[in-house]
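Hello,

I am passing a structure on to you, and my notes on it follow below. Please have it open while you read.

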Amino acid sequence: MELHTSGHRRGVVCAPHAGAVEDGRRILAEGGNALEAMIAMAASIAAVYPHMNHIGGDGFWLVHEPNGRVRALMGAGVAGAKATARLYRDHGHDETNGGIPSRGSLAALTVPGAVGGWMLAAEAARHQGGKLPLDVLLSSAVRRARDGYVVAQSQARLTQEKFAELKDAPGFAQTFLADGKPPEAGATLKQAAFAATLEQLAHAGLEDFYRGDVGRELAADLERIGSPVTRGDIETYRAIADEPLSVRISAGTLYNAPPPTQGLASLIILALYERLRVAKSETFEFVHALVEATKRAFRVRDRVVTDPAQLPAKPADFLTAAFLDADAGKIDMRKAAKWPAPAAAGDTIWMGAADASGLVVSYIQSIYWEFGSGCVLPKTGVLMQNRGASFSLDPRALNTLAPGRKPFHTLNPALAVLKDGRVMAYGTMGGDGQPQTQAMIFARHVLHGMPLDRALDAPRWLLGRTWGSTVTNLRIERRLDENVIDRLMSAGHDISVLDEDYSDTMGHAGAAILHSNRTLEGGHDPRADGGAAGV
């Protein structure tokens with residue numbers, strides 16, 4: 001599987017797993033558009049990369065339409081009707097002993113929103129001339145789940161690392177262990193119940209996931225394991241179409257998803273970085289500016305981003321030229337600001353697709369931590385997310401738990417409409433690392449002219465915590481220039497140099513680009529198991 005591809009005339013896709021790339025390319029080859037290709041990939045990636053995502057999670061789309069409009073499709077699940085602070089206190093959980101548990105049935109406290117997002121995407125695909133039936137879009141995912149998929153190195157490693165906290169979650173051992181033990185990389189596992197669910201959705205329609213047979217079975221299994229999510233929560237859930245957040249910079253207009261995602265932070269980082277007037281990438285100034293911009297953006301995020309119905313301020317107020325100019329002026333280009341601040345984790349996949357009609361899709365799908373809650377519902381094979389574990393049981397907190405409320409999301413799909421005529425979908429997985437990796441890729445490729453494949457390959461860093469880690473300092477891949485590292489340390493950055501050239505810690509990033517001449521380019525990360533392909 002190639003990591004980079006260009007010069008295509010019909011369409012291009014990229015994903016962190018080769019199987020999803022193949023399935024997206026097949027849809028393009030059969031005449032499907034970029035939205036249809038992404039629906040197929042979203043199903044397939046759940047079948048072959050379940051430690052990173054599943055349909056028991058959430059998903060967010062940014063879609064650039066041929067007429068130039070950019071839309072956000074928001075598949076964010078809400079807390080169940082029984083998800084109250086009293087429920088968790090009655091089970092012995094409060095803010096003094098860790099808050100909401102991260103694994104098990106009480107961690108499965110939000111409605112899965114991903115399939116609701118698929119529904120909006122399918123409707124949008126039809127409006128853009130898409131004609132492929134749902135059974136065609138889902139057929140490869142059904143086959144991969146039913147016949148078996150090869151366990152990736154990352155799945156094997158994470159199952160081993162998280163074995164103690166996942167092994168007793170309802171349904172986990174039966175689905176993701178081999179004879180009660182973590183599987184070896186290269187082993188074959190099957191998701192038979194999940195395959196049957198996808199087949200049912202292919203024939204009954206995606207709405208069946210919420211208001212049909214699948215929804216009924218989901219609710220029954222959730223009640224059986226003691227989840228706070230009810231049948232009513234599932235039946236009434238609907239994803240929504242929203243306006244994206246945006247900010248203008250010299251290269252064009254940047255777009256990202258609105259709250260409850262951290263898209264605001266991603267936009268602030270790049271807008272601040274441009275104002276710091278860094279002349280060249282791969283220098284001390286380049287790394288320092290992006291890190292310091294990240295600190296400023298995260299401080300805004302942590303006091304603003306929550307359920308859209310509970311926002312304490314308007315996100316757009318932090319994207320004005322006046323605010324950004326003033327905030328950039330607070331960055332010292334010679335000295336690191338104090339850190340850490342609170343950090344967020346996350347386990348996720350990002351995928352991109354574009355076609356020659358002008359459809360460009362940036363999509364991110366997640367179950368929060370690796371394997372989410374760990375709960376696999378037996379009748380449907382759905383792996384439930386633990387996104388609701390990010391809620392606080394403190395009633396004074398910004399992200400406090402309440403039934404029907406949306407939790408804070410690290411997920412944020414990015415898209416840029418550039419003045420040179422390009423439209424670029426880009427993104428990554430990785431909790432707090434998402435805005436940072438997005439900024440590195442965009443700055444290197446667009447602002448500093450680095451070829452896409454090199455921008456995706458280049459050394460990365462991470463400020464704060466990502467999935468599976470409690471470390472909050474600045475971690476750097478060891479390939480970064482030693483002189484740059486020395487200068488960063490001298491400026492006061494608390495640095496750990498990782499003993500890896502390419503680290504999963506830095507995310508699995510990619511990009512799909514529609515050029516002004518209607519040719520298409522795609523690339524994906526050497527840190528993942530996927531690539532890019534086109535027709």
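Arg277 is exposed, with a relative accessible area of 75%; exposed here means over 50%, buried under 20%, and partly exposed in between (1.4 Å probe, protein chains only). This residue belongs to the loop between H13 and helix H14 (284-304), where helices (H or I, at least four residues) and strands (E, at least two) are DSSP runs, numbered from the N terminus. Phi of Arg277 is positive, near 55°, and the residue is not a glycine. Most residues other than glycine have a negative phi, and most peptide bonds are trans.

Before I go on, please keep in mind that this is a predicted model: local features need pLDDT of at least 70 and side-chain atom pairs count only at pLDDT 80 or more, while totals for chains, interfaces and linings use all residues. Residues are numbered from 1 along each chain as its sequence is written, and side-chain values use heavy atoms, with hydrogens and water left out.

Arg518 also has a positive phi, near 75°. You will find Arg518 in the loop between strand E17 (510-514) and strand E18 (520-524), and with a relative accessible area of 37% it is partly exposed. Another spot to look at is the cis peptide bond between Pro259 and Pro260, with omega at about 15°. Pro260 sits in the loop between E9 and H13.

Now for two helices. Helix H4 covers residues 114-127, and its end C-alpha atoms are 20 Å apart, in agreement with the 20 Å that its 14 residues should span at 1.5 Å a residue; the expected span is 1.5 Å times one less than the number of residues. Of those 14 residues, 10 are buried, leaving H4 mostly covered; among them are Trp118, Val115 and Leu120. Gly129 follows H4 and has a positive phi near 90°.

H16 has 15 residues and reaches 20 Å from its first C-alpha to its last, close to the expected 21 Å. Because 14 of its 15 residues are buried, H16 is largely enclosed by the rest of the structure. Just after H16 comes Gly449, with a positive phi of about 75°.

H16 (433-447) also helps to line the largest cavity, as do strand E9 (252-256) and helix H13 (263-275), each supplying at least two residues. On a 1 Å grid over the protein atoms alone, a cavity is a set of points where a 1.4 Å probe fits but cannot get out, and lining residues have an atom within 4 Å of a point. The whole structure holds one cavity of 30 Å³ or more, and the largest has about 40 Å³ of space. Its lining includes Tyr255, Leu267, Tyr426 and Gln438. By class, the lining has eight nonpolar, three polar and no charged residues.

Finally, there is an open sheet of three strands in the order E14-E15-E16, with mixed pairing; two strands pair if DSSP finds at least two bridges between them. Strand E14 (461-463) and strand E16 (495-497) are at the edges with a single partner strand each, so one side of each has no neighbour in the sheet. From one strand to the next, the twist averages 15°, with axes fitted to C-alpha atoms and angles running from 0 to 180 degrees between N-to-C directions. Strand E15 (residues 474-476) pairs with E16 in the parallel sense over three bridges, and Arg475 has Ser496 as its bridge partner in E16.

Best wishes

How values were computed:
1 Å grid on protein atoms, 1.4 Å probe; cavity = no way out; pocket = protein on both sides within 12 Å on 5 of 7 lines; lining within 4 Å. Points joined across faces, edges and corners; volume = space filled by probe spheres on them. Nonpolar A, V, L, I, M, F, W, Y, C, P; charged D, E, K, R; others polar.
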